[in-house]
Amino acid sequence: MNNVKLYLVMMGLPARGKSTLAIRLREAFQKNRIPARIFNNGNLRRKHLPIKETFSADFYHPQNAEARLLRNDFALINMNRARSYLAGAGQVAILDAANVSRARRMMIEENLKDHPILFIECLNDDDEILSLMIEAKTKLPEFSRMPSKKAQAEFLKRIEHYRMIYTPLREERNFFRLDSLQNRIFEEKLTDKISLYLLIKDILVTDVVKNLFLIRHTQTRHNVIDRIGGDSTLTAKGITQARALGHFFQRHEISYIFTSNKKRTIQTARAIAERQKYCKVISLKEFDEINGGICEGLTYKDIEKNMPEVFSARAANKYHYAYPQGESYAMMKPRVETGLKKAFFLNRHAENIMIVGHQAVNRMILAHFLFRRDDDVPYIYIPQDQFYHIVSTQNKKLFELKPYA
Ligand code: F6P
């Protein structure tokens with residue numbers, strides 16, 4: 001067996017990020033001058049079968065014998081193509097399909113014996129991410145003539161049909177079981193010698209951020225009078241700034257803008273989205289500003305005067321100090337990290353990702369990339385007339401603060 005060449009087999013229920021991960025793997029291999037190609041069963045099916053045969057969830061029911069034979073045929077075609085690819089100049093053949101049953105995986109093992117096989121199981125059960133992914137799936141060609149709600153229902157049924165035959169990876173000789181939202185490996189098994197093993201492991205756990213535009217909401221009524229927290233709207237100046245952002249980012253294609261649940265970030269994001277061809281604003285609670293507890297809506301002066309113990313305790317240890325009934329920076333860290341993972345997951349296909357956040361939230365996001373000492377994080381500079389542009393891939397790191405007007 002030649003262990004320089006490899007079959008990578010994706011596995012997981014629909015909408016778990018298999019295809020996006022397959023693309024990420026291919027891109028990373030190519031950057032490392034390793035010829036790699038994806039063989040996607042769904043794409044093959046879409047090419048050869050009329051839409052009317054495959055939009056219904058019935059097509060994916062395990063007891064639909066006729067459809068099962070057809071789906072196995074497509075799997076076999078791709079296996080044969082993958083084998084020929086590796087017999088030639090190819091080094092990694094990525095088989096992208098659900099492959100959730102042990103029977104299907106045995107068929108793969110039977111057919112591909114010339115090189116090792118490494119399976120990658122993608123797991124993710126976050127309800128919010130799933131519903132956003134499913135909404136995106138309804139843009140697939142097979143749903144083109146169906147109202148979005150009906151398409152979503154069919155897709156959910158399709159997932160349930162796959163779940164009926166789902167067997168987690170266990171018997172297979174080599175595998176990773178991956179939390180595809182958190183980029184975290186749960187479990188791994190390595191029986192064969194696989195020369196690319198370390199590179200693959202590194203790719204699986206690395207966040208790839210091609211371009212992150214990190215923006216703070218523009219000026220609000222509360223900002224002018226120095227009040228913290230709350231849910232105020234933009235001032236006239238803030239609206240002008242938001243429009244300038246919209247104008248500036250017209251030259252970039254932004255598919256999603258992630259905001260908090262607060263009016264000020266949504267209002268800023270909408271002014272940017274308005275100038276894009278297709279752009280969806282997604283509000284995540286994980287990006288809400290630090291909760292000021294009993295100090296919400298007060299000015300820093302009020303706090304200093306009326307609650308001097310709060311003021312001085314926070315000044316003494318700003319990162320760890322939690323407002324009474326509120327949060328500290330340290331407490332925000334896990335939720336902001338989860339928000340980031342969600343944003344990266346949903347945005348994986350796109351070149352650009354945009355987040356419109358708040359002062360404290362943006363500091364935590366920057367800290368994720370900057371590895372600042374905790375004590376310094378609450379003092380990172382977050383202006384409202386500039387934005388941060390961040391690139392963080394395996395081969396490139398970039399960090400710039402730029403004006404937009
Ligand atoms: O003042 C704007 C604001 O976003 C407040 O809502 C928030 O409490 C504060 O910034 C966070 O900054 P700091 O941690 O420096 O008080």
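**Salt bridges in a predicted model**

Reply: Asp126, Glu128, Lys285, Glu286 and Lys342 are linked in a network of salt bridges, and, as a caution at the outset, the model in which they appear is a predicted one.

Me: How many salt bridges does the structure hold?

Reply: The structure holds 24 of them.

Me: Back to that network, how far apart are the closest N and O atoms of Glu128 and Lys342?

Reply: The closest N and O atoms of Glu128 and Lys342 are 2.6 Å apart in their salt bridge. Glu128 belongs to helix 6 (residues 127-137) and Lys342 to helix 14 (residues 329-346), so the pair ties together parts that lie 214 residues apart in sequence.

Me: And is Lys342 buried or exposed?

Reply: Lys342 counts as buried, because its relative accessibility is 3%, whereas Glu128, at 25%, counts as partly exposed.

Me: Different spot now: what does Arg105 pair with?

Reply: The side chain of Arg105 meets that of Glu172 in a salt bridge, with 2.6 Å from N to O. This pair links distant parts of the chain, since Arg105 sits in helix 5 (residues 102-111) and Glu172 in the loop between helix 7 (148-164) and strand 5 (174-179), 67 residues apart.

Me: Why does Arg105 count as buried?

Reply: Arg105 counts as buried because its relative accessibility is 0%, and Glu172 is likewise buried at 0%.

Me: What about Glu27, which residue is its partner?

Reply: Glu27 forms a salt bridge with Lys210, with the closest N and O atoms 3.3 Å apart. Glu27 is in helix 1 (residues 18-31) and Lys210 in strand 7 (residues 209-216), 183 residues apart. Glu27 counts as partly exposed at 30% relative accessibility, and Lys210 as partly exposed at 22%.

Terms used
Residues are numbered from 1 along each chain as its sequence is written. This is a predicted model: local features need pLDDT of at least 70, side-chain atom pairs count only at pLDDT 80 or more; totals for chains, interfaces and linings use all residues. Side-chain values use heavy atoms; hydrogens and water are left out. A salt bridge is a side-chain nitrogen of Lys or Arg within 4 Å of a carboxyl oxygen of Asp or Glu. Helices (H or I, at least four residues) and strands (E, at least two) are DSSP runs, numbered from the N terminus. Buried means under 20% relative accessible area, exposed over 50%, partly exposed in between (1.4 Å probe, protein chains only).
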